[in-house]
Amino acid sequence: MPATVDFPDPTPPVKPMSFTKLGFAAVADEEKFDAAVVGAGPAGTAAAITMAKAGLQVALLERGVKPGSKNVMGGILYNHYLEEIVGDAWKEAPLERPIIEERRWMMTADAAIGIDYKNLRNRAHPHSYSVLRARFDAWFAEQAEKAGAMVVPETVVDRLIVKNNRVVGVATGRGDDLFAEVVVVCEGIGLGSGLLEKTHINGSPLRRKLRPEEVAMAAKEIMQLDPGLIEERFNCESGEGCTIECFGDSTMGMSGFMFIYTNKDTLSVGGGALLSEFNATLRSPNQLLEHFKNHPAVKPLLRGAETVEYLGHLIPEGGYRGIPKVYGPGYLVCGDAAMLSNPVHREGSNLAMESGRLAAETVIHAKEASDFSERRLAEYRGRLDHSWIMADMRKYDKAVPLLEHNPQLLTKYPQVADRALDEFFRVDGTSKWDKQKNILKMIRKEGMFRMGWDTFKALWAMK
Ligand SMILES: Cc1cc2nc3c(=O)[nH]c(=O)nc-3n(C[C@H](O)[C@H](O)[C@H](O)COP(=O)(O)OP(=O)(O)OC[C@H]3O[C@@H](n4cnc5c(N)ncnc54)[C@H](O)[C@@H]3O)c2cc1C
């Protein structure tokens, strides 16, 4: 079976060539693949690489013209997880800048209260990098091909084939169906039109419909800027990078955050908020992005930068309770499709890669035992439950609802903190004792001690 396919024309043909015409004997003979993976994002590609390295017959199907061409992320990628999948080859990945400094700003309309953390040890041992998914995903999928997986872009999986209440393969626009012992669903969030929502086993969908308060809607611009100017404005040494994440007025008080990430010669500028709050306020992600770009603390950082790409995407934010059944007869679910994401820590790609790896190891064990039964595939859920993924998902289960139900955290409290800091720094003839009293009075009056404790419990200490 060939590992790679050369497509003569980069634009999708009206009727794509069938797998058989492309020369995939396994499809022609209706021989089964060990695994068909839907989606070449971080989850799907990590799963495909892990299984292919173990000698399994794997097909990785991607709807984009190239892997990554339709994908959106802020994005900061964590190299630890990448190294787990590809070993030392991670050093050749098209990463943009290692992150040396992390900044968090709480904003009001005309102020920004910041915590900046510059860790110079990250120069020798970076643990995160800015990335552009169009470049990264294409490279990552090449690693899957090198490992022996059959990577097929320009292929939309229209439906999962279910026979006798078991997923047995995938139907694509290519005409001939592709059968596999296990289908690993890594289609991303797939809201509304996703395979999980439209496939039924024993009369139930593989994932229930998501609620607007379980999903964030995000927009992002890639803005071109001279590398020297990036380094000057963001106080970076040559080739190094920085993140800025902004809360409060930056999202017009909605639950979410905005970001600026430095790439080699571009900035990733974007952010989002809960779909339920966009619906309630009748705002659009584009309005939000324009509001952020025009904030007086942000505007000078973007001056002269030219938008070269505009992207939009959804982010799963349903927490632990939003996780669907991640295994079943003939299928496993990973990454965003399984609602595995941690917006508090801006993590998603790593949960995707790790869940892809755990799913792959489950399929490898199933193959070794020649047992692809649902009971055997349940090992995946057990492995997830004992991993840091589920520990983190449980820890932050209530974080998004806390913000949603306490809008004052992102509206009134930043304003009080702004007034308190104004009082603290202003030199105006008032004694420091009087300033201290004024600040304490302000904080007590607004109930900020109680709220601070509740927030601490929700974001830090909660079990
Ligand atoms: C604006 C934004 C900023 C983010 N920032 C960060 C960040 O800084 N750090 C971080 O770690 N995470 C971040 N995330 C989250 C991260 O992008 C996701 O958690 C991660 O991409 C999930 O990977 P995945 O493989 O599960 O899904 P995806 O990356 O969504 O990949 C799914 C793949 O499946 C393909 N596909 C879908 N349906 C089909 C089909 N029917 N047939 C064939 N192919 C199909 C898609 O084209 C895509 O390639 C961000 C997300 C957004 C939207």
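K435 has 3% relative accessibility, so this residue counts as buried. Its partner in a salt bridge is D428, and the closest N and O atoms are 3.4 Å apart. D428 has 41% relative accessibility and therefore counts as partly exposed. The model described here is predicted.

**Salt bridges**

The structure holds 33 salt bridges. Three of them are set out below.

| Pair | Closest N to O distance |
|---|---|
| K367 and D34 | 3.0 Å |
| E290 and K293 | 3.3 Å |
| K435 and D428 | 3.4 Å |

Take K367 and D34. Their salt bridge has its closest N and O atoms 3.0 Å apart. The pair links distant parts of the chain, with K367 in helix α10 and D34 in strand β1 (residues 33–38), 333 residues apart. Is K367 buried or partly exposed? K367 is partly exposed, because its relative accessibility is 37%. D34 sits at 7%, so D34 counts as buried.

E290 and K293 make a local pair. Both lie in helix α8 (residues 285–293), three residues apart, which means about one helical turn separates them. E290 is partly exposed, with a relative accessible area of 31%. K293 is buried, at 13% relative accessibility.

Salt bridges can also share partners. One such network joins E84, E354, R357, E361, E379 and R383.

**The nonpolar interior**

How many residues make up the largest nonpolar core? That core has 86 residues. Those with the most contacts inside it are M51, L82, F136, F140, L178, V184 and L340. Helix α10 (residues 349–368) supplies the largest share, nine residues.

F136 touches many partners beyond its neighbours within four places in sequence. They are L77, L82, A93, P94, L95, V131 and M353. A second, separate core has 25 residues, including I244, C246, L267 and F292.

**The surface**

L421, F424 and F425 form a nonpolar surface patch of about 340 Å². L421 belongs to helix α15 (residues 412–425). With 31% relative accessibility, L421 counts as partly exposed. The protein exposes about 20,700 Å², and carbon and sulfur atoms supply 54% of that area.

**The whole fold**

The protein has 17 helices and 19 strands. Of its 463 residues, 55% count as buried. Among contacts with a separation of 6 or more, 72% join residues 24 or more positions apart. The C-alpha atoms fill a box of roughly 90 × 45 × 40 Å along the principal axes. The radius of gyration is 24 Å, which agrees with the value near 23 Å for a compact globule of 463 residues.

Methods
Residues numbered from 1 in each chain as written. Predicted model: local features only at pLDDT ≥ 70, side-chain atom pairs only at ≥ 80, totals over all residues. Heavy atoms only, no water. Patch = residues over 30% accessible without salt bridge, like charges linked within 9 Å, V, L, I, M, F, W, Y side chains within 5 Å. Areas by Shrake-Rupley, 256 points an atom, 1.4 Å probe, with all protein chains shown as cover. Salt bridge = Lys/Arg side-chain N within 4 Å of Asp/Glu carboxyl O. Helix = DSSP H or I, 4+ residues; strand = E, 2+ residues; numbered from the N terminus. Buried < 20%, exposed > 50% of the residue type's maximum accessible area, 1.4 Å probe, protein only. Core = buried A, V, L, I, M, F, W, Y, C linked by side-chain atoms within 4.5 Å. Contact = heavy atoms within 4.5 Å. Rg over C-alpha atoms; globule rule 2.2 N^0.38 Å.
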